[in-house]
Amino acid sequence: MAVAVPRSRFRRRRRPGAAREALVGYGFVLVPMGVFVLFFIYPMVYAIYISRYDWGILGPLGNVGWKNYSTLWHDTLFRRAVKNTLEYTIWVVPAQMALGLLLAVVVNQRIRFRTFFRGAFYFPSLASSAAITAIALYLLNINGLFNHIFGLHVAWFFDTRTALPAITGLNAWTTSGTMMLFYLAALQAIPTEVYEAAAIDGAGPWRTFWKVTFPLLKPGHFFVAVVSIIGAMKVFDQNYIVSRGTGGPDYATYSVVLYIFNTAIHDAKLGLAAAAGVVLFVVIFLFTIAQWVFFGRQEAA
Amino acid sequence: MTSVPEPPAPPFAAVEELASGGPVAVGAAVPSGIPGRAKTELIQRILAYAALTVISLLFFVPFLWSLSTSFKPLPETANFSLLPNTWTIAGYRSALTDYNFGRYLANSAILAGSVTLTSVFMSALGGYAFARLRFPGRNILFFLVLGTLMIPDQLRLVPIYRMLTIFPVTHWNLVDTYQGYWAIRMVSATALFLMRQYFLTIPRDLEEAAKLDGAGYFKTFWRVMLPLAGPALAAIAILEFQGTWNDFFWGNLLLQSAQHWTIQVGLAQFSFQYQTLWNSLMAGTMIALAPVVLVYLFFQRYFVAGVASAGVKG
């Protein structure tokens, strides 16, 4: 049965002043959008463009197609940087997660000065990387406090075997406060009844933690892991500062971002550096997508 | 297109509660008549305090030790006394005068100040437009803003460096200038996103009233909405200030001559050259930390709100 609908219902009716409102709206977002397009979206496209050129400091020398990417693949220095970054990631992610969870569980207890401790544990996350690294250089120098306390004689940042592990420990410590906050939010999403049920079943605190709390924190684990992995792959400041930009000793702290920086700034091989940046971006992007998919599904469920 | 996918963030309400230090009692027991509960709780408490002691040492000792060193005369930095035998500000004096930390401090203040100012204003203006004003393509533009959050700085390094060396069209060289540094950071997507979310929570009535009084769009924004957004503006100002003050990545890349170094770049460069002048190095470190410490002490609750969206540094 056909229903007669007046045509005007379908025609878009203009609100009075709509044109003016739209104009004002564009005006208000003009500068921010300009900045985002000029310094974020355009550079992303530009990075891909540069990565297809043999590009010196004075400009493009010639379109080389995807050659920069195959050069990267065969570049021993890039391979070393990837290896170091992966090695760092494999160690730092579990360390950050474990420390963050430990801190969260401790400050989630009914302890005195809880707010103070939360604030204090979060503080290293807010301190600048340069300041934290300077403190680490001091505490971990060969005559430093750390060696003194533990009776060691190791030049942590100047020994090929210990430089990267030292940075790993340093960054696990620095970032644990942020991970603590994420875990606290996740802990508080667990309903109290679950603990009551566990207590009625006679489960002790240890058992309750491993059998109840830990599995229920799964979304939290996933979130923290992805944030931590993405952060780990961007590692740069600490490596740069402890090695004076060289990635030393003997390339032991050479990370992917340090490779991008040195290839672009010191070697003036902008095409090759841009290609490394694109590769890093793709890997980070995949993890971001994984996170979106996971949390999208969580919300739908 | 009516809704825009938003980046995942942990629940804001919970994070806000953490920030205010409000009651959080999950996992900690509610008194009840369950047998064995008292003992269980006691064990749990003892474990918690033991862990707390160890962790506190781990977190406080590095900072306190460095603070103490910054007040020691240089020869004393070689021994391990907890407090200086002779208290001196020689480390601070030499850092500020002999090693130019005064200049770096001023540079950092100029850059962090100008970035914070423009970022707060621009993100409020843009956030208001995205929250309230209707214009064709609004959702697409907002999607673009959120999209920029996924572009890592490490990808932008090469193109931004190239762009600032020879700026498109105008051919300015903005490397090693305040303007270049400020331009790439003058507004952030995170700040704009947070402002939009905040403006969405403000009821429309007040604006309607202003409109009836004949106030224009900008006046409504400036006189009505901005004063209502105080907490969000404070949180964003703090987030942007802390982020810019602490930045090493862009400062190190772009600000190449010593006269333009920020405190973080200056501190790193000092550690390259004078690594064993521990008292001066630690004094410089304390100077680099001080503003963030002060802001954190006074405005702690505003910090945490930003964490959810700001992510983690490297």
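This passage describes a predicted model of chains A and B, beginning with its confidence and continuing through the domains, the interface, the core and local backbone features.

The predicted model scores ipTM 0.88 and pTM 0.87. For chain B the mean pLDDT is 84, with 84% of the residues reaching 70 or more. Confidence varies among the elements of this chain, where helix H1 (residues 12–20) of chain B has the lowest mean pLDDT, 43, and helix H12 (residues 249–254) of chain B has the highest, 96. Two stretches of chain B stay under a pLDDT of 50: residues 1–31, for which the model has 60 contacts beyond four places in sequence, and residues 308–314, for which it has 22 such contacts. Where pLDDT is low, the predicted coordinates should not be read in detail.

The secondary structure of chain B consists of 15 helices and zero strands. Of the 314 residues of this chain, 44% count as buried, and among its contacts between residues at least 6 apart in sequence, 74% join residues at least 24 apart. Chain B is divided into domain 1, covering 34–92, and domain 2, covering 94–310, and the C-alpha centres of these two domains of chain B lie 33 Å apart. The contact between them takes 11 residues from domain 1 of chain B and 11 residues from domain 2 of chain B. On the side of domain 1 of chain B that touches domain 2 of chain B, helix H2 (37–70) and helix H3 (90–98) of chain B each supply at least two residues, the largest share, four residues, coming from H2(B). The residues of this side of domain 1 of chain B divide into five nonpolar, five polar and one charged.

The contact between the two chains takes 93 residues from chain A and 92 residues from chain B. On the side of chain A that touches chain B, helix H1 (residues 18–51) of chain A gives the most, with 20 residues. The residues of that side of chain A comprise 67 nonpolar, 20 polar and six charged.

The largest nonpolar core has 164 residues, and those with the most contacts inside it are A:Met180, A:Tyr183, A:Ile260, A:Ala276 and B:Val158. Helix H7 (residues 163–188) of chain A gives the most to this core, with 15 residues. When residues up to four places away in sequence are not counted, A:Ile260 touches A:Ala273, A:Ala276 and A:Gly277 as well as B:Gln154, B:Leu157 and B:Val158. Another residue with a contact in the other chain is B:Tyr161, which, its neighbours within four places in sequence left aside, is in contact with A:Ala264 and B:Leu253. B:Tyr161 is found in helix H6 (residues 153–165) of chain B, and it counts as buried because it has 21 C-beta neighbours inside 10 Å, the cut-off being 20 or more. The C-alpha atoms of B:Tyr161 and B:Ile55, which are 106 residues apart along the chain, are separated by 41 Å.

Within chain A, helix H3 (residues 76–107) and helix H12 (residues 256–265) pack at an angle of about 150 degrees, with their axes 8 Å apart. Their contact is made by A:Leu77, A:Phe78, A:Ala81, A:Val82 and A:Thr85 of H3(A), and by A:Val256, A:Leu258 and A:Tyr259 of H12(A). Of the residues in this contact of H3(A) with H12(A), seven are nonpolar, one is polar and none is charged.

Several backbone features were found in the loop between helix H11 (237–242) and H12 of chain A, where A:Pro249 is located. A cis peptide bond, with omega about 0 degrees, joins A:Gly248 and A:Pro249. A:Asp250, which is found in the loop between H11 and H12 of chain A, has a phi near 50 degrees, a positive value in a residue other than glycine. A:Tyr251, found in the loop between H11 and H12 of chain A, has a positive phi of about 65 degrees although it is not a glycine. Most residues other than glycine have a negative phi, and most peptide bonds are trans. A:Asp250 counts as exposed because it has 12 C-beta neighbours inside 10 Å, whereas A:Tyr251, with 19 other C-beta atoms within 10 Å, is partly exposed.

Key:
Residues numbered from 1 in each chain as written. Chains lettered and ligands numbered in written order. Predicted model: local features only at pLDDT ≥ 70, side-chain atom pairs only at ≥ 80, totals over all residues. Contact = placed C-beta atoms within 7 Å. Nonpolar A, V, L, I, M, F, W, Y, C, P; charged D, E, K, R; others polar. Axes fitted to C-alpha atoms, helices over the stretch in contact; angles between N-to-C directions. Core = buried A, V, L, I, M, F, W, Y, C linked by C-beta atoms within 7 Å. Domains from an automatic or database assignment. pLDDT = per-residue confidence, 0-100.
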